[in-house]
Amino acid sequence: MSNFLRGLGGRNPRQQPQPARRSPTTPSSAQFADMPGQLQQYGAAPSSPHSPGKPLYMCQPFVKAALVKGSFKTIIMQPKYSERMEWIAVNIFDFFNNLNLFYGVLTECCTTATCPTMSAGPMLDYTWVDHNKRQIRLPAPTYIDYVMTWVQNLLDDESTFPTKAARDFTPNFPNTTRHVFKQLLRVFAHIYHAHYPALLHLHSEGHFNSLFAHFLAFGFEYQQLDVRDFKGVGVAALVDKWREMGVLDGQIVPSTGGPV
Ligand SMILES: [Zn+2]
């Protein structure tokens, strides 16, 4: 069925160095009404270890650091003779693996001590829903490990991400992919909010910005992301800025030429 997925030559193992832990909920595709990570905003003191003010990722030259110049419209276009769900599936595969690699090098600075909550903005922590449907605050590394394990399990699940010729995507696939995008967005948001200096230290800001901009452009183009997903999220300011700059909406013609 999925030529793109078959072309990947098998499934990539998770490359996160920390030992895999299983989610206490391990949501299946049928449990999305109980998906973890419900948004919760706190009126208390900022949960971030960083002081308030303009975040570094909004400052020059970092805000425009990128490996890809111009718009992402061209590279997110669905190739001819591919199916929409195949195209979404293969892109999720890549976004997940690339984000997992970035987070893998940040695990030393994302610990239960430095990140006792899954922060994504000065007034925003995400919470996880446990077995009893209670919202609980988890340290960011635990939350992210649950998310990445959940996504990896989905990718490994032949009934969700089919790679065999005889199998097809289920009707629930669009719902599944939207939830995957929402959770991956939270991982991006935490890294920008809490670990951007570490990315700068690694000289990876251009690469990470390009990955995030590609993820956003794709997510908006294929209705995988919703504006509500950005409520209270610190990095929403960067998204707005990139829209202004034309990075996400195709107003800049890439150097490779052609209509966008
Ligand atoms: Zn962290």
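This passage describes the fold of one predicted chain, from its overall layout to its helices, core and loops.

The model is predicted, so local features are reported only at pLDDT of at least 70 and side-chain atom pairs count only at pLDDT 80 or more, while totals for chains, interfaces and linings use all residues. Residues are numbered from 1 along each chain as its sequence is written.

The chain holds 6 helices and 5 strands, where helices (H or I, at least four residues) and strands (E, at least two) are DSSP runs numbered from the N terminus. Along the sequence, these elements follow the pattern α-β-α-β-β-β-β-α-α-α-α. Of the 260 residues in the chain, 35% are buried; a residue is buried if 20 or more other C-beta atoms lie within 10 Å of its own, exposed if 12 or fewer, and partly exposed in between, with C-beta atoms placed from the backbone. Among contacts between residues at least 6 apart in sequence, 81% join residues at least 24 apart, a contact being a pair of residues whose C-beta atoms, placed from the backbone, lie within 7 Å.

The helices make a good starting point. In helix 2, the end C-alpha atoms are 33 Å apart, in agreement with the 33 Å that its 23 residues should span at 1.5 Å a residue; the expected span is 1.5 Å times one less than the number of residues. Its buried residues are Ile88, Ala89, Asn91, Ile92, Phe95, Phe96, Leu99, Asn100 and Tyr103. An α-helix has 3.6 residues a turn, so residues three or four places apart point the same way.

Helix 2 also packs against helix 3: their axes come within 11 Å and cross at roughly 145 degrees. Here axes are lines fitted to C-alpha atoms, for helices over the stretch in contact, and angles run from 0 to 180 degrees between N-to-C directions. The crossing is left-handed, a term used when the near helix is turned anticlockwise from the far one by less than a right angle (right-handed if clockwise). At this interface, Phe93, Phe96, Asn100 and Tyr103 of helix 2 meet Ile144, Met148, Val151 and Leu155 of helix 3.

Helix 5, residues 205–221, reaches 24 Å from its first C-alpha to its last over 17 residues, close to the 24 Å expected. It is largely enclosed by the rest of the structure, because 12 of its 17 residues are buried. Among them are Phe208, Leu211, Phe212, Phe215 and Phe218, together with the polar names Glu205, Asn209 and His214. The cover over the buried residues of helix 5 includes helix 2 (84–106), helix 4 (173–201) and helix 6 (236–245).

These helices come together again in the largest nonpolar core, which has 57 residues. Such a core is a set of buried Ala, Val, Leu, Ile, Met, Phe, Trp, Tyr and Cys residues joined through C-beta atoms within 7 Å. Tyr143, Leu184, Phe188 and Ala213 have the most contacts inside this largest core. Two or more core residues come from each of helix 2, strand 2, strand 3, helix 3 (140–156), helix 4, helix 5 and helix 6, with helix 4 giving the largest share, 12 residues. Neighbours within four places in sequence aside, Phe188 is in contact with Leu99, Phe212, Phe215 and Val235.

Strand 2 (residues 118–121) and strand 3 (residues 124–126) run antiparallel and are joined by 3 bridges; strands pair if DSSP finds at least two bridges between them. A hairpin of 2 residues connects strand 2 to strand 3, and Ser119 has Asp125 in strand 3 as its bridge partner.

The loops hold some details worth a closer look. Most residues other than glycine have a negative phi. Tyr81, not a glycine, has a positive phi of about 65 degrees; this residue sits in the loop between strand 1 (39–41) and helix 2 and counts as exposed, with 6 C-beta neighbours inside 10 Å. Gln223, also not a glycine, has a positive phi of about 55 degrees. It lies in the loop between helix 5 and helix 6 and counts as exposed, with 12 C-beta neighbours inside 10 Å.

Gly232 belongs to the loop between helix 5 and helix 6 and is partly exposed, with 16 other C-beta atoms within 10 Å. Its C-alpha atom is separated by 6.2 Å from that of Leu124, 108 residues away along the chain. Lys69, in the loop between strand 1 and helix 2, is exposed, with 11 other C-beta atoms within 10 Å. Lys69 and Ser210 are 8.7 Å apart, C-alpha to C-alpha, and 141 residues apart in sequence.

How values were computed: Two residues are in contact if their C-beta atoms, placed from the backbone, lie within 7 Å.
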